[in-house]
Amino acid sequence: MRRPGWSVAAVTSPKCYRTSRTVTAQRHLGQRNVNRCKISPPVIVTTQAHRPNPVALPAGRLYPEPVQTLDSVQTAAPQGALASPAVARNAAPILAVLRAHLPARARVLEIASGSGEHAIAFARALPATTWTPSDPSPEARASITAWRAEAALPNLNPPLELDAAEPDAWPEVDAQVVFCANMVHISPWAATEGLMAGAGRILPDPGGLLVLYGPYREADVPLAPSNAAFDDSLKSRDPAWGLRELDEVVALARGHRLHLTRRVEMPANNLMLLFRRV
Ligand SMILES: C[S@@+](CC[C@H](N)C(=O)[O-])C[C@H]1O[C@@H](n2cnc3c(N)ncnc32)[C@H](O)[C@@H]1O
(Lines give C-alpha, C1' and ligand atoms only; values in the text may rest on other atoms or scores of the structure.)
Protein backbone atom coordinates (compact mmCIF):
# COMPACT_ATOMS: atom_id res chain seq x y z
CA MET A 1 0.00 0.00 0.00
CA ARG A 2 1.32 3.40 -0.89
CA ARG A 3 1.60 5.84 1.97
CA PRO A 4 0.27 9.35 1.96
CA GLY A 5 2.95 11.52 0.49
CA TRP A 6 4.09 8.84 -1.89
CA SER A 7 1.69 9.22 -4.71
CA VAL A 8 1.83 7.02 -7.75
CA ALA A 9 2.21 10.19 -9.77
CA ALA A 10 5.71 10.60 -8.54
CA VAL A 11 6.44 13.45 -10.89
CA THR A 12 3.73 15.65 -9.41
CA SER A 13 3.77 14.59 -5.77
CA PRO A 14 4.38 17.34 -3.20
CA LYS A 15 8.06 16.76 -3.30
CA CYS A 16 8.11 15.94 -6.97
CA TYR A 17 9.62 12.53 -6.47
CA ARG A 18 10.72 11.04 -9.72
CA THR A 19 11.88 7.59 -10.41
CA SER A 20 15.34 7.02 -11.77
CA ARG A 21 13.69 5.55 -14.84
CA THR A 22 11.95 8.86 -15.52
CA VAL A 23 15.16 10.77 -15.21
CA THR A 24 17.05 8.29 -17.31
CA ALA A 25 14.42 8.29 -20.03
CA GLN A 26 14.37 12.05 -20.18
CA ARG A 27 18.12 12.12 -20.42
CA HIS A 28 18.07 9.47 -23.11
CA LEU A 29 15.60 11.47 -25.15
CA GLY A 30 17.73 14.52 -24.73
CA GLN A 31 14.80 16.44 -23.33
CA ARG A 32 15.23 19.39 -21.11
CA ASN A 33 12.97 18.24 -18.33
CA VAL A 34 11.04 21.28 -17.30
CA ASN A 35 8.48 20.28 -14.72
CA ARG A 36 6.53 22.90 -12.85
CA CYS A 37 5.72 21.74 -9.36
CA LYS A 38 2.09 22.63 -8.71
CA ILE A 39 2.21 22.30 -4.97
CA SER A 40 4.45 24.97 -3.52
CA PRO A 41 6.51 26.90 -3.82
CA PRO A 42 6.13 26.89 -7.61
CA VAL A 43 9.48 25.99 -9.00
CA ILE A 44 10.99 25.08 -12.29
CA VAL A 45 12.60 21.72 -11.92
CA THR A 46 15.09 20.75 -14.52
CA THR A 47 17.21 17.69 -14.87
CA GLN A 48 20.17 19.93 -14.30
CA ALA A 49 18.70 21.25 -11.08
CA HIS A 50 17.76 17.77 -10.00
CA ARG A 51 21.36 16.66 -10.19
CA PRO A 52 23.10 19.51 -8.45
CA ASN A 53 25.91 21.08 -10.32
CA PRO A 54 28.83 21.20 -7.92
CA VAL A 55 30.04 24.42 -9.42
CA ALA A 56 26.70 26.06 -8.66
CA LEU A 57 26.83 25.27 -4.96
CA PRO A 58 27.94 28.17 -2.80
CA ALA A 59 30.79 26.07 -1.53
CA GLY A 60 32.99 28.93 -0.47
CA ARG A 61 30.30 30.48 1.67
CA LEU A 62 28.89 27.37 3.29
CA TYR A 63 32.08 25.41 3.62
CA PRO A 64 34.95 27.71 4.47
CA GLU A 65 37.22 24.76 5.20
CA PRO A 66 38.19 21.96 2.85
CA VAL A 67 35.51 19.56 4.00
CA GLN A 68 33.21 17.14 2.28
CA THR A 69 30.44 19.03 0.59
CA LEU A 70 27.47 17.98 -1.46
CA ASP A 71 29.62 17.99 -4.57
CA SER A 72 29.49 14.26 -4.58
CA VAL A 73 25.70 13.95 -4.66
CA GLN A 74 24.91 11.26 -7.18
CA THR A 75 25.01 11.97 -10.86
CA ALA A 76 22.99 8.90 -11.87
CA ALA A 77 20.16 7.39 -9.86
CA PRO A 78 20.48 3.67 -9.23
CA GLN A 79 17.70 1.29 -10.20
CA GLY A 80 14.77 1.50 -7.77
CA ALA A 81 15.77 4.86 -6.37
CA LEU A 82 13.32 7.74 -6.05
CA ALA A 83 14.49 11.27 -6.54
CA SER A 84 13.34 14.55 -5.05
CA PRO A 85 14.46 17.72 -6.80
CA ALA A 86 13.67 19.56 -3.55
CA VAL A 87 16.59 17.77 -1.96
CA ALA A 88 18.94 19.29 -4.50
CA ARG A 89 17.73 22.71 -3.41
CA ASN A 90 17.53 22.27 0.35
CA ALA A 91 20.31 19.84 1.20
CA ALA A 92 23.11 22.40 1.30
CA PRO A 93 21.29 24.88 3.58
CA ILE A 94 20.16 22.07 5.88
CA LEU A 95 23.66 20.66 5.98
CA ALA A 96 25.06 24.02 7.02
CA VAL A 97 22.78 24.03 10.08
CA LEU A 98 23.49 20.41 10.91
CA ARG A 99 27.20 21.02 10.63
CA ALA A 100 26.93 23.88 13.10
CA HIS A 101 24.81 22.11 15.70
CA LEU A 102 25.28 18.35 15.59
CA PRO A 103 27.55 16.94 18.27
CA ALA A 104 30.79 15.38 17.12
CA ARG A 105 30.33 11.76 16.08
CA ALA A 106 26.58 12.16 16.38
CA ARG A 107 24.36 9.14 16.11
CA VAL A 108 21.40 10.36 14.09
CA LEU A 109 18.02 8.72 13.60
CA GLU A 110 16.24 10.20 10.60
CA ILE A 111 12.45 9.95 10.61
CA ALA A 112 10.55 10.00 7.29
CA SER A 113 13.65 9.72 5.13
CA GLY A 114 11.65 9.55 1.91
CA SER A 115 13.83 8.96 -1.12
CA GLY A 116 16.92 8.68 1.08
CA GLU A 117 18.84 11.41 -0.69
CA HIS A 118 19.16 13.50 2.45
CA ALA A 119 20.56 10.48 4.27
CA ILE A 120 23.13 9.89 1.52
CA ALA A 121 24.11 13.55 1.30
CA PHE A 122 24.41 14.11 5.05
CA ALA A 123 26.13 10.83 5.85
CA ARG A 124 28.64 11.56 3.10
CA ALA A 125 29.23 15.14 4.17
CA LEU A 126 29.41 14.27 7.89
CA PRO A 127 31.53 11.12 7.94
CA ALA A 128 31.96 11.18 11.71
CA THR A 129 28.22 10.76 12.21
CA THR A 130 26.35 7.49 12.15
CA TRP A 131 23.15 8.04 10.17
CA THR A 132 20.15 5.72 10.42
CA PRO A 133 17.34 6.48 7.97
CA SER A 134 13.77 5.25 8.41
CA ASP A 135 10.39 5.42 6.76
CA PRO A 136 7.12 3.47 7.07
CA SER A 137 6.78 3.33 3.28
CA PRO A 138 8.17 0.23 1.55
CA GLU A 139 8.78 2.29 -1.59
CA ALA A 140 10.80 4.76 0.40
CA ARG A 141 12.85 2.06 2.09
CA ALA A 142 13.51 0.43 -1.28
CA SER A 143 14.73 3.76 -2.59
CA ILE A 144 16.95 4.36 0.42
CA THR A 145 18.36 0.87 0.02
CA ALA A 146 19.13 1.50 -3.65
CA TRP A 147 20.88 4.81 -2.97
CA ARG A 148 22.71 3.30 -0.01
CA ALA A 149 23.97 0.33 -2.00
CA GLU A 150 25.47 2.62 -4.58
CA ALA A 151 26.93 5.08 -2.09
CA ALA A 152 28.54 2.39 0.07
CA LEU A 153 29.04 4.74 3.00
CA PRO A 154 30.36 3.05 6.14
CA ASN A 155 28.44 5.44 8.40
CA LEU A 156 25.02 4.96 6.77
CA ASN A 157 22.88 2.20 8.27
CA PRO A 158 20.12 0.31 6.43
CA PRO A 159 16.69 1.95 6.61
CA LEU A 160 14.41 1.03 9.47
CA GLU A 161 10.67 0.55 9.20
CA LEU A 162 9.38 3.22 11.54
CA ASP A 163 5.99 4.89 11.80
CA ALA A 164 6.30 8.07 13.82
CA ALA A 165 2.66 7.77 14.87
CA GLU A 166 3.46 4.52 16.70
CA PRO A 167 6.20 5.61 19.10
CA ASP A 168 5.85 2.56 21.32
CA ALA A 169 6.65 0.37 18.32
CA TRP A 170 9.78 2.25 17.19
CA PRO A 171 12.72 -0.10 16.75
CA GLU A 172 15.48 0.18 19.29
CA VAL A 173 17.90 2.86 18.13
CA ASP A 174 20.79 4.40 20.00
CA ALA A 175 20.52 8.01 18.85
CA GLN A 176 21.59 11.36 20.24
CA VAL A 177 19.84 13.23 17.45
CA VAL A 178 16.48 12.78 15.74
CA PHE A 179 16.21 14.54 12.38
CA CYS A 180 12.91 14.87 10.52
CA ALA A 181 12.36 16.89 7.33
CA ASN A 182 9.05 17.56 5.66
CA MET A 183 6.87 15.11 7.52
CA VAL A 184 5.00 17.24 10.06
CA HIS A 185 2.84 18.95 7.41
CA ILE A 186 2.50 15.90 5.12
CA SER A 187 1.04 13.53 7.67
CA PRO A 188 -1.80 13.59 10.20
CA TRP A 189 -1.15 15.40 13.48
CA ALA A 190 -0.86 11.99 15.17
CA ALA A 191 2.48 11.54 13.39
CA THR A 192 3.83 14.71 15.02
CA GLU A 193 2.43 13.63 18.38
CA GLY A 194 4.19 10.30 17.97
CA LEU A 195 7.38 11.97 16.75
CA MET A 196 7.58 14.03 19.93
CA ALA A 197 6.73 11.09 22.17
CA GLY A 198 9.27 8.83 20.46
CA ALA A 199 12.03 11.44 20.37
CA GLY A 200 11.32 12.33 23.97
CA ARG A 201 11.67 8.70 24.93
CA ILE A 202 14.84 7.74 23.03
CA LEU A 203 16.90 10.93 23.21
CA PRO A 204 19.46 11.19 25.98
CA ASP A 205 18.71 13.42 28.92
CA PRO A 206 20.33 15.91 28.93
CA GLY A 207 21.75 16.72 25.53
CA GLY A 208 19.42 14.98 23.11
CA LEU A 209 18.60 17.00 20.02
CA LEU A 210 15.52 16.96 17.78
CA VAL A 211 15.88 18.77 14.46
CA LEU A 212 12.86 19.56 12.29
CA TYR A 213 12.84 21.09 8.83
CA GLY A 214 9.82 22.36 6.92
CA PRO A 215 7.26 25.16 6.64
CA TYR A 216 5.19 26.33 9.63
CA ARG A 217 2.54 28.87 10.54
CA GLU A 218 3.71 31.45 13.08
CA ALA A 219 1.45 33.65 15.15
CA ASP A 220 3.22 36.93 14.45
CA VAL A 221 4.68 36.20 11.03
CA PRO A 222 2.48 36.67 7.96
CA LEU A 223 2.11 33.45 6.05
CA ALA A 224 4.04 33.69 2.80
CA PRO A 225 1.76 33.37 -0.24
CA SER A 226 3.68 30.34 -1.41
CA ASN A 227 3.15 28.63 1.94
CA ALA A 228 -0.55 29.54 1.92
CA ALA A 229 -0.90 27.96 -1.51
CA PHE A 230 1.07 24.95 -0.34
CA ASP A 231 -1.21 24.58 2.69
CA ASP A 232 -4.30 24.73 0.46
CA SER A 233 -2.92 22.09 -1.86
CA LEU A 234 -1.95 19.79 1.01
CA LYS A 235 -5.42 20.05 2.55
CA SER A 236 -7.04 19.36 -0.80
CA ARG A 237 -5.00 16.17 -1.01
CA ASP A 238 -5.76 15.16 2.57
CA PRO A 239 -7.69 17.27 5.08
CA ALA A 240 -5.51 15.85 7.87
CA TRP A 241 -2.39 17.41 6.32
CA GLY A 242 -1.34 21.02 6.35
CA LEU A 243 1.10 23.51 7.79
CA ARG A 244 1.15 23.32 11.57
CA GLU A 245 1.08 26.17 14.06
CA LEU A 246 4.60 26.49 15.40
CA ASP A 247 3.26 27.34 18.87
CA GLU A 248 1.36 24.05 18.95
CA VAL A 249 4.41 22.07 17.85
CA VAL A 250 6.53 23.81 20.48
CA ALA A 251 3.96 23.14 23.21
CA LEU A 252 3.71 19.50 22.17
CA ALA A 253 7.49 19.13 22.28
CA ARG A 254 7.69 20.78 25.68
CA GLY A 255 5.32 18.13 27.01
CA HIS A 256 8.06 15.63 26.21
CA ARG A 257 10.78 17.81 27.74
CA LEU A 258 12.07 18.93 24.37
CA HIS A 259 12.59 22.68 24.39
CA LEU A 260 12.88 24.87 21.33
CA THR A 261 16.33 26.42 21.54
CA ARG A 262 16.87 27.65 18.01
CA ARG A 263 14.72 28.74 15.08
CA VAL A 264 16.60 29.15 11.81
CA GLU A 265 15.01 30.76 8.78
CA MET A 266 15.70 28.74 5.68
CA PRO A 267 15.24 29.38 1.96
CA ALA A 268 11.77 29.15 0.43
CA ASN A 269 10.00 30.10 3.68
CA ASN A 270 11.04 26.99 5.56
CA LEU A 271 12.34 26.77 9.11
CA MET A 272 14.79 24.59 10.92
CA LEU A 273 13.80 24.04 14.53
CA LEU A 274 16.18 22.70 17.14
CA PHE A 275 14.71 21.20 20.28
CA ARG A 276 17.01 20.25 23.17
CA ARG A 277 16.38 17.75 25.87
CA VAL A 278 16.95 19.82 28.98
C1 LIG B 1 7.41 14.72 1.68
S2 LIG B 1 8.21 13.25 2.16
C3 LIG B 1 9.70 13.88 2.92
C4 LIG B 1 10.89 13.00 2.65
C5 LIG B 1 12.23 13.57 3.08
N6 LIG B 1 12.32 13.73 4.50
C7 LIG B 1 12.50 14.89 2.39
O8 LIG B 1 12.51 15.94 3.04
O9 LIG B 1 12.70 14.88 1.17
C10 LIG B 1 7.23 12.76 3.52
C11 LIG B 1 7.68 11.44 4.08
O12 LIG B 1 7.00 11.25 5.31
C13 LIG B 1 6.76 9.88 5.44
N14 LIG B 1 5.72 9.70 6.43
C15 LIG B 1 4.41 9.92 6.33
N16 LIG B 1 3.78 9.58 7.44
C17 LIG B 1 4.72 9.13 8.30
C18 LIG B 1 4.71 8.62 9.62
N19 LIG B 1 3.57 8.47 10.29
N20 LIG B 1 5.88 8.26 10.19
C21 LIG B 1 7.04 8.40 9.53
N22 LIG B 1 7.12 8.85 8.26
C23 LIG B 1 5.97 9.21 7.66
C24 LIG B 1 6.38 9.44 4.04
O25 LIG B 1 6.49 8.05 3.87
C26 LIG B 1 7.38 10.23 3.22
O27 LIG B 1 8.56 9.49 3.01
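**Exercise 1. Which strands does H5 lie across, and at what angle does H5 run to E6?**

*Solution.* This is a predicted model, so let us read its geometry step by step. Start with the strands under the helix: H5 lies across strand E5 (107–111), E6 and E7. Then compare directions: H5 runs at about 175° to E6.

**Exercise 2. Describe the sheet: give the order of its strands and name its edges.**

*Solution.* First, the order. Six strands make up an open sheet, arranged E6-E5-E7-E8-E12-E11, and their pairing is mixed. Next, the edges. Strand E6 (130–132) and strand E11 (258–266) each pair on one side only, which makes them the edge strands. Last, the twist, which averages 20° from one strand to the next.

Now look at one pair inside the sheet. Strand E8 (residues 209–214) and strand E12 (residues 270–277) run antiparallel and are joined by six bridges. One residue to find here is Leu212, whose bridge partner in E12 is Leu273. Helix H4 (residues 85–101) also packs on the sheet, where it touches strand E7 (177–181), E8, E11 and E12. The direction of H4 makes about 20° with that of E12.

**Exercise 3. Work out how H5 and H6 are placed relative to each other.**

*Solution.* Two packed helices are described by the angle between their axes and the distance between the axes. For helix H5 (residues 117–125) and helix H6 (residues 138–151), the angle is about 30° and the axes are 9 Å apart. Angles under 35 degrees count as roughly parallel, so H5 is roughly parallel to H6. The crossing of H5 past H6 is right-handed.

Next, find the residues that touch. H5 contributes Glu117, Ala119, Ile120 and Arg124, while H6 contributes Ile144, Trp147, Arg148 and Ala151. Sorted by class, the contact of H5 with H6 has five nonpolar, three charged and no polar residues.

**Exercise 4. Find a cis peptide bond and a positive phi in the loops.**

*Solution.* Begin with what to expect: most residues other than glycine have a negative phi, and most peptide bonds are trans. The bond from Asp205 to Pro206 is cis, with omega near 5°. Pro206 sits in the loop between helix H7 (189–202) and E8. For the phi, turn to Arg105, where the value is positive, near 55°. Arg105 belongs to the loop between H4 and E5.

**Exercise 5. Over which residues does the pLDDT stay under 50?**

*Solution.* Take the average before the details: the protein has a mean pLDDT of 81, and 73% of the residues score at least 70. Over residues 1–16, however, the pLDDT is below 50. Residues 18–74 also stay under 50, and the model has 82 contacts beyond four places in sequence for them.

Definitions and conventions. Residues numbered from 1 in each chain as written. Predicted model: local features only at pLDDT ≥ 70, side-chain atom pairs only at ≥ 80, totals over all residues. Axes fitted to C-alpha atoms, helices over the stretch in contact; angles between N-to-C directions. Helix = DSSP H or I, 4+ residues; strand = E, 2+ residues; numbered from the N terminus. Parallel < 35°, antiparallel > 145°, perpendicular 65-115°, else oblique. Left-handed = near helix turned anticlockwise from the far one by under 90°. Contact = placed C-beta atoms within 7 Å. Nonpolar A, V, L, I, M, F, W, Y, C, P; charged D, E, K, R; others polar. pLDDT = per-residue confidence, 0-100. Pairing = 2+ DSSP bridges.
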